[in-house]
Each structure stands twice: as structure tokens, then as C-alpha cells.
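Hi everyone, thanks for making time. I'd like to walk you through a structure that's probably new to you, so let's put it up on the screen.

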Amino acid sequence: METKDMILQLRTKHGLSQDELAQKVFVTRQAVSRWENGDTVPNTDTLRLLSEVFGVSINAILGEPSQLICQCCGMPLEEDIISIGKDGKPDTDYCKWCYADGEYMYSDMDDLIDVCVKNWPGNDLTDEQKRSHLKGFLPTLGYWKNHSELANDGAFEDFKRRLVDEINALGIPGMPKVDKLNALVGSYVDLAYPLPSGAAVSFLDKSATYLGNQLESADGRCFGVLANAEFILISTYGEKCKDPELLLYKKR
């Protein structure tokens with residue numbers, strides 16, 4: 001469905017006249033009429049207001065094929081991975097892996113490229129082809145165009161380095177050294193750890209973004225590292241996250 005049809009459908013569903021919708025998003029009735037006739041499309045700020053009025057994502061208003069992409073990594077922004085800002089509202093410029101709670105997860109483009117190559121869907125390109133594409137594409141995105149203004153003088157990178165040092169200082173037996181921490185969304189890494197009683201417990205907010213990494217040990221099991229400003233969690237598990245065991249949960 002095209003944008004013009006979505007706006008008409010959503011306006012009608014909410015029982016709003018063109019005048020009433022115009023007042024809610026601070027435009028004229030004529031502007032709403034032009035949207036619904038397909039003559040123009042709302043700008044980004046107005047799309048955000050429409051999203052709040054209708055209670056749907058900007059993607060839903062735009063429809064296909066006009067889909068938003070993350071302005072840091074370029075990932076198509078499906079509704080369930082749109083970032084949440086410090087104000088608790090969706091930030092439709094970024095995915096949850098690149099921006100969370102007012103913090104940008106990546107300030108080094110090469111670190112982001114490493115993560116993107118590792119998680120690239122399909123096997124139609126070589127790793128070198130993926131890297132070449134990303135090196136040309138990422139600098140065209142809004143975050144990297146304005147990186148020097150958005151990076152907050154490297155404060156978050158300093159926090160990540162301190163966190164890496166803190167994790168390595170724990171001296172977990174058999175765990176390889178942590179070199180870097182990447183952004184990980186809770187729903188993708190939330191394991192349930194068995195208790196002696198037979199019950200299982202998990203510790204993560206599935207909608208939140210954490211810092212972490214997976215480290216392969218000599219015996220074939222993996223160590224999972226997750227952390228934020230409040231805690232550090234270390235676990236171990238087998239192939240495909242089978243038989244998880246919680247080694248450490250430490251408040252910071």
C-alpha cells in the first residue's frame with residue numbers, strides 16, 4: 001500500500017477529518033490533502049508526529065517500497081528492531097544494535113563492518129566483497145556523515161574499554177581474553193539457566209540493548225559475555241547455545 005493510501009486509511013480509522021489531523025501535526029488541511037492525493041510526502045519530522053498520532057511506526061505509514069534504514073549500519077528498519085531513545089520513544093533513524101538509550105554503539109567503522117560481515121544474510125558474496133560494499137556504503141549514511149558531532153568525544157568508547165578491562169580482571173578460568181564488546185539485543189541472547197530446583201531463570205530485558213561477545217574456548221564450548229552499566233554476566237554453553245551454564249552474575 002502506498003503512503004497516500006496509508007495516511008487516508010489511518011486517518012479514517014481514527015475518525016479524524018483532514019482539518020483535525022492537520023491541527024495535530026501542525027500543518028494545513030491542504031498539506032494533508034496533498035499527501036492523500038499522492039502529490040507530496042510528509043517530511044521526517046511530520047512523519048514522527050503522524051507515527052505518534054496513529055500509534056504505528058513510520059515504516060507502516062510509508063508502506064513498501066519506501067522503507068527506512070538504520071543510519072549507522074544500513075539495516076532495513078522493521079518495526080521490532082527500531083531503536084528506543086532515552087525518552088522511551090522509537091527513534092526511527094537507528095536499529096537497536098546501533099543506538100540505545102541515547103548512546104551510539106559504534107564509533108569505529110571497521111568494528112561495525114566486522115560485525116556486519118559476520119552477520120551478513122546469505123552466502124552470495126565473499127567476505128572481501130561485503131567489506132568493499134560496506135566501506136563505500138556506510139559513509140553515505142547520516143550517522144557517519146555527522147560522526148564527529150554525534151560521537152560525544154569518545155565517552156562511550158572509553159566506557160567500553162573500561163568494561164573490557166573489568167571483565168578480563170575477573171579471571172574466569174578457561175575464558176579467552178575479551179578484546180571488544182559489540183551491541184547485542186536481549187531477545188537474541190537471552191538464555192534460560194537451569195537452577196538446582198529444576199526451574200530456569202533468565203536475566204535480560206528482551207527489548208534492551210547490551211554489550212557483549214562470544215568467545216570460543218579450547219574444549220569447544222563457548223563463553224558468553226554480556227554487560228551494561230549495571231551488571232556483568234558470564235556464561236558458557238555448547239553448540240547452538242545448548243546446555244547453558246551461568247558462571248557469574250555481578251552487579252557493578
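A polar contact, the way I'll use the term, is a pair of N or O atoms within 3.5 Å; within protein, one of them must be able to donate a hydrogen and the other to accept it. Keep in mind too that what you're looking at is a predicted model.

With that in hand, let's go to helix H6. At the start of H6, Asp 108 has a side-chain oxygen that comes to within 2.8 Å of the backbone nitrogen of Asp 110.

Now, which residues of H6, the helix covering 109-118, are buried? They're Leu 112, Ile 113, Cys 116 and Val 117. Those residues sit on the same side of H6, because the arc they cover around the axis is only 135°. Here's the general background: an α-helix has 3.6 residues a turn, so residues three or four places apart point the same way. And what do the buried residues of H6 pack against? Two other helices: H7, which is 127-137, and H8, which is 142-145.

Okay, on to charges. Side chains of opposite charge can pair when their charged atoms come close. How many salt bridges does a search of the whole structure find? The count is 13. I'll go through a few of them.

Let's come back to Asp 110. Its side chain meets that of Lys 135 in a salt bridge, at 3.1 Å from N to O. Asp 110 is in helix H6 and Lys 135 is in helix H7, so this pair ties together parts that lie 25 residues apart in sequence. Buried or exposed? Asp 110 is partly exposed, at 42% relative accessibility, and Lys 135 is partly exposed as well, at 46%.

Staying in H7, there's a salt bridge between the side chains of Lys 130 and Asp 127, at 3.7 Å, N to O. These two are 3 residues apart in the helix, so about one helical turn separates them. Have a look at how they're placed, though. Lys 130 counts as buried, with 5% relative accessibility, whereas Asp 127 is partly exposed at 45%.

There's also a network: Asp 111, Asp 114, Arg 131 and Lys 180 are linked to one another by salt bridges.

Next stop, helix H10, residues 155-168. In H10, Arg 161 and Asp 158 are 3 residues apart, about one turn of the helix. Their side chains meet in a salt bridge, and the N to O distance is 2.3 Å. Arg 161 is partly exposed, at 48% relative accessibility, and Asp 158 falls in the partly exposed class too, at 33%.

Glu 157 is in H10 as well. With a relative accessibility of 14%, Glu 157 counts as buried. Its side chain makes a polar contact of 3.1 Å with the side chain of Lys 160. If you leave out residues up to four places away in sequence, Glu 157 touches Met 105, Tyr 106 and Ser 107.

Let's leave the helices and turn to a sheet. In what order do the strands of this open sheet run? There are 5 of them, S5-S8-S9-S10-S11, and the pairing is antiparallel. The edges are S5, at 182-185, and S11, at 245-251; each has a single partner strand, so one side of each has no neighbour in the sheet. From one strand to the next, the twist averages 30°.

Zooming in on one pair, S8 (residues 209-216) and S9 (residues 222-227) pair in the antiparallel sense over 6 bridges. As an example, Leu 211 has Ala 227 in S9 as its bridge partner.

The last residue I want to show you is Tyr 237, in strand S10, which covers residues 231-237. Tyr 237 is buried, at 7% relative accessible area. Its side chain has a polar contact of 2.9 Å with the side chain of Gln 214. Setting aside neighbours within four places in sequence, the residues in contact with Tyr 237 include Leu 191, Arg 221, Phe 223 and Pro 244. And where does Pro 42 lie relative to Tyr 237? The two are 195 residues apart along the chain, and their C-alpha atoms are separated by 48 Å.

That's my tour. Happy to go back to any part of it on the screen.

Note on methods:
Residues are numbered from 1 along each chain as its sequence is written. This is a predicted model: local features need pLDDT of at least 70, side-chain atom pairs count only at pLDDT 80 or more; totals for chains, interfaces and linings use all residues. Side-chain values use heavy atoms; hydrogens and water are left out. Buried means under 20% relative accessible area, exposed over 50%, partly exposed in between (1.4 Å probe, protein chains only). Helices (H or I, at least four residues) and strands (E, at least two) are DSSP runs, numbered from the N terminus. The arc is that of the directions from the helix axis to the C-beta atoms. Contact means heavy atoms within 4.5 Å. A salt bridge is a side-chain nitrogen of Lys or Arg within 4 Å of a carboxyl oxygen of Asp or Glu. Two strands pair if DSSP finds at least two bridges between them. Axes are lines fitted to C-alpha atoms, for helices over the stretch in contact, and angles run from 0 to 180 degrees between N-to-C directions.
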